[in-house]
Amino acid sequence: MHGNSYDVIVVGGGPAGTMAGAAAAEKGARTLILERDSAFGIPVRCGEGVGIRQLERFFEVDENLIASRIEGLIMYSPDGTAVPVASSDLGLVLERVRFDRWLAEKAARAGAHLRTRSEVDGLVTDNGRVEGVYYCHLGKRCKAEAKIVIAADGVESRVARWAGVATQLRPVDLENAYQFTLAGLKEDLRFCHFFFGNDLAPGGYIWIFPKGDGIANVGIGVSTKLCDGGTAYRKLEEFVAKRYGKVSIVGEAAGGVPVARPLQKQIRDGLIIAGDAARHTNPLTGGGISAALIGGRHAGEIAASAVDRGDTTEKGLKEYQVRVDTDIARPHRRAYRLKEGINKLSDESMDNAAHQLLSLPPEKRTLRNIFLKALASQPKLVIDILKVFM
Ligand code: FAD
């Protein structure tokens, strides 16, 4: 225990927060991670799919944290045409309950102090500079001071807003997501499956992410501008009934997914914002695990070095903004433009692209070629496609 004074306080114990906490503690910063839920990783609000290469950038993932290894992806256009994707980066479906817990343990082993059931409900500030947090633990209001606070409190982030950052998402930049975990599926579960269509999943898609042994996460993400959460649920129910008939649901999850451009400014005096809170999620896919790890790692490292240098002002944290601009913001601004392009496509043009792709040899059906075909009517996006799928 460090009393009530820390170098770094991290709000939120998802992948961004625990990664930030581990990185700060590894560099010697006295670190506290506060998580409002009673355990790390619970409840799971995630399809749990991630690229192997993206994870290997950080660590070798213990087999125990992996539900299944994926042999490939199949994309379906609105008329049901299946396009198997040629991809060199194979995927994993994680067990997020274990993965998030493992990350929390990693932070603890590095020396961070962790508290669950601790909901942050206000910031300690002095003249606009963030100097700590107020939080509620088992009904008791507590105060903890820090040289830097890292806001890793997810899509509904309030911490950044309290510090004066405009975090409001436009409906077009937020997806309603709903997911069933289904058991006893008769499906080719060696592959991840993605289904597109303006009626099927307006502004988004339906996914099937296998977890092994006939079990899969089957979920939908739809644009909040076009559909509410109830519609997302109904559309998923219809899809599941049509594809599988009667099937056992062993889990359900719902949540918002930011599919926005990253926040313009992700630092303030005494504050760094990371993960979904900073809109680090890939706006094209809605995937946010790997970006949360990247943002979290940078946040923890920069926070610790700013504390060491004794300069935790916005200027002293500038290196964070530079790093996330390169690693996340720049590629995601391109991905955002592709998302806008895809959202303009009619069902007919998606079907046409799928039919044309099937006339290519299998090894040419790469994501890059799929996007080039689908967005052929929007030539301004060619450079973005080439850069995103390098
Ligand atoms: P989170 O994981 O949301 O963690 C934030 C944490 O902060 C939470 O534990 C929360 O309890 C805590 N918190 C919030 N407020 C406070 C407070 N005031 N005080 C203390 N603690 C607080 N991404 C993928 O890569 N692959 C997928 O397959 C995928 N599927 C998804 C499916 C669904 C249905 C949804 C909703 C999202 C999906 N995502 C997926 C996105 C992914 O889950 C997130 O991008 C990722 O979890 C972001 O990590 P994070 O640490 O930034 O935020």
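A polar contact, as I shall use the term, is a pair of N or O atoms within 3.5 Å. With that in hand, I would like to introduce this structure, which is a predicted model.

Let me begin at the ligand. A nitrogen atom of the ligand lies 2.7 Å from a polar backbone atom of Gly47. On the backbone of Ile289, a polar atom is 3.0 Å from a ligand oxygen. Arg45 likewise offers a polar backbone atom, in this case 3.5 Å from an oxygen atom of the ligand. How much of the ligand's accessible area does the protein cover? On its own the ligand has 1,000 Å² of accessible area, and the protein covers 90% of it.

Which elements give two or more residues to the shell around the ligand? They are helix 1 (15-26), strand 9 (118-126), strand 14 (205-212), strand 16 (248-258) and helix 6 (289-309). The shell numbers 36 residues, and those that come nearest to the ligand are Glu35, Gly47, Gly49, Val120 and Asp276. Sorted by class, 13 residues of the shell are nonpolar, 13 are polar and 10 are charged.

I turn now to the domains. The protein is divided into domain 1 (2-45 + 97-170 + 261-337), domain 2 (68-94 + 174-258) and domain 3 (339-388). Domain 1 and domain 2 each supply at least three residues to the shell around the ligand. As for domain 3, its C-alpha centre and that of domain 1 are 36 Å apart. These two domains do meet: eight residues of domain 1 are in contact with nine residues of domain 3.

My last topic is strand 11, residues 140-151. Which strands pair with strand 11, and in what sense? Strand 1 (residues 5-11) pairs with strand 11 in the parallel sense over six bridges. Within that pairing, Val10 has Ile150 of strand 11 as its bridge partner. Strand 10 (residues 129-137) also pairs with strand 11 over six bridges, but in the antiparallel sense. There, His137 is bridged to Lys140 of strand 11. Strand 10 and strand 11 form a hairpin with two residues between them, and Leu138 in the turn has a positive phi of about 50 degrees. Finally, strand 18 (residues 271-273) runs parallel to strand 11 and is joined to it by three bridges. Here Val149 has Leu271 of strand 18 as its bridge partner.

To close, I return to the ligand: the shell around it draws on both domain 1 and domain 2, and the protein covers 90% of its accessible area. Thank you.

Notes: Residues numbered from 1 in each chain as written. Predicted model: local features only at pLDDT ≥ 70, side-chain atom pairs only at ≥ 80, totals over all residues. Heavy atoms only, no water. Near = heavy atom within 4 Å. Polar contact = N/O pair within 3.5 Å; in protein donor to acceptor, adjacent residues only side chain to side chain. Areas by Shrake-Rupley, 256 points an atom, 1.4 Å probe, with all protein chains shown as cover. Helix = DSSP H or I, 4+ residues; strand = E, 2+ residues; numbered from the N terminus. Nonpolar A, V, L, I, M, F, W, Y, C, P; charged D, E, K, R; others polar. Domains from an automatic or database assignment. Pairing = 2+ DSSP bridges. Contact = heavy atoms within 4.5 Å.
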